[in-house]
Every structure is written in C-alpha cells, then in structure tokens.
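User: Please take a close look at how the first ligand is held in this model, and then set that site beside the metal site and the nonpolar core.

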Amino acid sequence: MKIIMLGAPGAGKGTQAKRIAEKYTIPHISTGDIFRANIKNGTELGQKAKQYMDKGELVPDELTCDLVMDRIQQEDCKNGFVLDGFPRTIPQAEALDAALEKIGQKMDYAVDVDVPDENIVNRMGGRRACLSCGATYHVTFNPTKTEDVCDACGAKTVLRDDDKPETVQKRLEVYHAQTQPLIDYYKKQGILKSVDGTQPMDAVFDAIVAILGA
Ligand code: AP5
Ligand code: MG
Ligand code: ZN
C-alpha cells in the first residue's frame with residue numbers, strides 16, 4: 001500500500017503516518033525528518049536545507065526529489081510506504097508519478113488531514129520533537145512520560161526551530177500557495193481521501209483505518 005499524507009504544517013501528518021507505518025508494516029518516509037537528521041549530523045544537505053527551513057520556506061525541489069526517489073526504491077519499500085511531507089509542490093508530485101510509472105506502479109491513496117489555520121498555531125507551540133528518532137509529542141495532547149525525554153529512545157525532546165509563531169505563519173502561507181493545489185491534483189486522480197484532523201488523535205486514526213482497510 002502506497003500512501004501520501006497531505007495537510008497543513010501541524011495538521012498531524014507525522015503523528016498519523018507513524019501509526020499507519022506500524023499498523024501496515026510499511027516504512028514511514030518523512031522528508032522533514034530526513035532534513036532534520038541531516039542538520040543534526042551537520043551534512044552538506046543539512047546545511048543547505050536549514051537555510052530554507054528556518055525561514056519557513058520550502059527546500060528547493062532539486063534537493064528533495066532525488067532523495068525521495070532513491071528512498072522509495074529501497075528493498076523495504078517493496079510492499080509500500082507512507083510519505084509524510086512529500087510531495088509538497090506540483091513538480092514534486094509529477095516527479096513521483098513519473099518515477100513510479102517507470103516501474104509500473106502508482107500511489108494508492110492521498111490522505112488529507114484537514115485542520116483549519118486557527119487550530120494550527122496552538123498546536124505548534126505545544127509540540128515537542130525528538131531529533132534523534134523523529135517522535136512527536138504535545139505538552140497537552142500527547143505528553144511524554146518524563147518531561148522533555150523521548151518515550152521511544154530516551155533522547156531530549158525540543159521545540160523545533162521552525163515552530164516559533166512567526167515562522168509557523170510563514171509555513172501556513174507557503175502551504176496554501178504551494179501545497180494545497182495538490183488536493184485538486186489527487187482529486188483528479190481519484191485517490192484523494194479527506195479526514196477531519198480536528199478530532200482527537202485516536203479518532204483521526206480510526207477514520208484513516210476506515211479508508212485504508214483494517
Ligand atoms: P515537515 O517536517 O514536513 O513539517 P510540516 O509539514 O510543516 O509539518 P509538521 O511536521 O510541522 O506537522 P505534522 O503535520 O507532521 O504534525 P504533527 O503530527 O507533528 O517540514 C519542515 C520543513 O522542511 C518545511 O517547512 C520545509 O522547509 C522542509 N521540507 C520538508 N519536506 C519538504 C518537501 N517535500 N519539499 C520542500 N521542503 C520540504 O502534529 C503537530 C502537533 O499537534 C504535535 O505536537 C502533535 O502531538 C499534535 N497533534 C497531532 N494530531 C493531533 C490531534 N488530532 N489533536 C491534538 N493534537 C494533535
Ligand atoms: Mg511532521
Ligand atoms: Zn526519540
């Protein structure tokens with residue numbers, strides 16, 4: 001099963017993609033997590049990506065597309081994968097379709113986690129992220145067992161650099177201008193499914209499972 005998670009920054013793509021990956025035993029591929037891991041490790045890609053991410057802008061397609069195309073052709077993606085944060089532009093979506101077409105495949109579902117902008121800013125301020133394993137928490141809605149310590153790997157959790165309110169606002173603008181058009185793109189392909197992302201996390205997951213099948 002090959003799934004794309006769509007949705008505004010903070011809609012809950014990562015939260016749900018992790019659970020989907022576990023339930024259907026497919027890899028969770030988050031371009032944001034890949035970039036953050038590269039930043040943490042001080043790679044050249046990380047240094048380039050950080051300049052854009054800190055401003056709330058998109059990393060250029062040429063730094064993003066090849067990375068994902070390589071990743072989805074690895075052995076563990078044979079039975080499918082869940083993409084989180086990619087594609088984010090029409091050219092990225094076209095590159096993905098072209099790469100899959102070459103190997104006689106196509107995406108199965110694009111799941112849009114729908115949350116209005118008003119709800120987003122609140123969520124982001126409370127988010128805590130583990131930069132070691134990519135786990136995501138929320139101080140109110142999904143707290144860690146021990147404050148600031150990742151339940152999954154024991155590393156310290158932090159407020160992401162791009163979760164400051166003014167950067168969140170910029171990310172929302174970028175989302176509406178560059179990523180939202182993908183909703184129509186996948187609607188036309190007949191694979192778009194929408195879920196109400198303002199519900200509690202478990203209810204959102206149940207709605208997704210109802211679409212994907214148990
Ligand atoms: P990325 O890491 O993808 O960030 P994003 O899309 O802005 O999305 P977030 O990770 O902020 O939110 P999410 O939807 O995953 O929500 P989460 O589950 O954490 O990208 C970061 C940057 O990298 C981009 O700005 C760009 O610069 C660059 N980049 C990445 N991919 C790129 C690409 N393809 N092309 C170009 N540039 C790219 O949830 C948010 C919070 O809410 C959490 O605290 C969570 O616990 C809580 N929460 C989740 N669900 C619920 C719920 N139902 N109720 C209450 N709280 C909830
Ligand atoms: Mg995320
Ligand atoms: Zn962790």
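Analyst: In this predicted model, 36 residues surround ligand 1, and those that come nearest are T15, E57, R88, R127 and R171. Of these, R171 places a polar side-chain atom 2.6 Å from an oxygen atom of ligand 1. The backbone takes part as well: a backbone N or O atom of K13 lies 2.8 Å from an oxygen atom of ligand 1, while a polar backbone atom of G85 is 2.9 Å from a nitrogen atom of the ligand.

Turning to the metal site, the zinc ion (ligand 3) is coordinated by the SG atoms of C130, C133, C150 and C153, at 2.3 to 2.4 Å. Because the 4 donor atoms subtend angles of 100 to 117 degrees around the zinc ion (ligand 3), the arrangement is tetrahedral. The donor residues follow the spacing C-x2-C-x16-C-x2-C in sequence. C130 belongs to strand β5 (residues 127–130), whereas C150 sits in the loop between β6 (136–138) and β7 (157–158), so this pair ties together parts that are 20 residues apart in sequence. C130 is buried, with a relative accessible area of 3%, and C150 is likewise buried, its relative accessible area being 3%.

As for the nonpolar core, the largest one has 47 residues, among which M5, I20, I72, L83, L96 and Y186 touch the most other members. Helix α9 (residues 201–212) supplies the largest share of this core, namely 5 residues. For Y186, once its neighbours within four places in sequence are left aside, the contacts are I4, L6, P87, A93, L96, A110, I191 and L192.

Terms used
Residues are numbered from 1 along each chain as its sequence is written. Chains are lettered from A and ligands numbered from 1 in the order in which they are written. This is a predicted model: local features need pLDDT of at least 70, side-chain atom pairs count only at pLDDT 80 or more; totals for chains, interfaces and linings use all residues. Side-chain values use heavy atoms; hydrogens and water are left out. Donors are N, O and S atoms within 2.8 Å of the metal (3.2 Å for Na, K and Ca); water is not among the atoms, so sites may look incomplete. Four donors count as tetrahedral if all angles lie between 85 and 135 degrees; four count as square planar and six as octahedral if opposite donors are over 155 degrees apart and all others between 65 and 115; anything else is irregular. Helices (H or I, at least four residues) and strands (E, at least two) are DSSP runs, numbered from the N terminus. Buried means under 20% relative accessible area, exposed over 50%, partly exposed in between (1.4 Å probe, protein chains only). A nonpolar core is a set of buried Ala, Val, Leu, Ile, Met, Phe, Trp, Tyr and Cys residues joined through side-chain atoms within 4.5 Å. Contact means heavy atoms within 4.5 Å. A residue is near a molecule or strand if one of its heavy atoms lies within 4 Å of it. A polar contact is a pair of N or O atoms within 3.5 Å; within protein, one must be able to donate a hydrogen and the other to accept it, and residues adjacent in sequence count only if both atoms are side-chain atoms.
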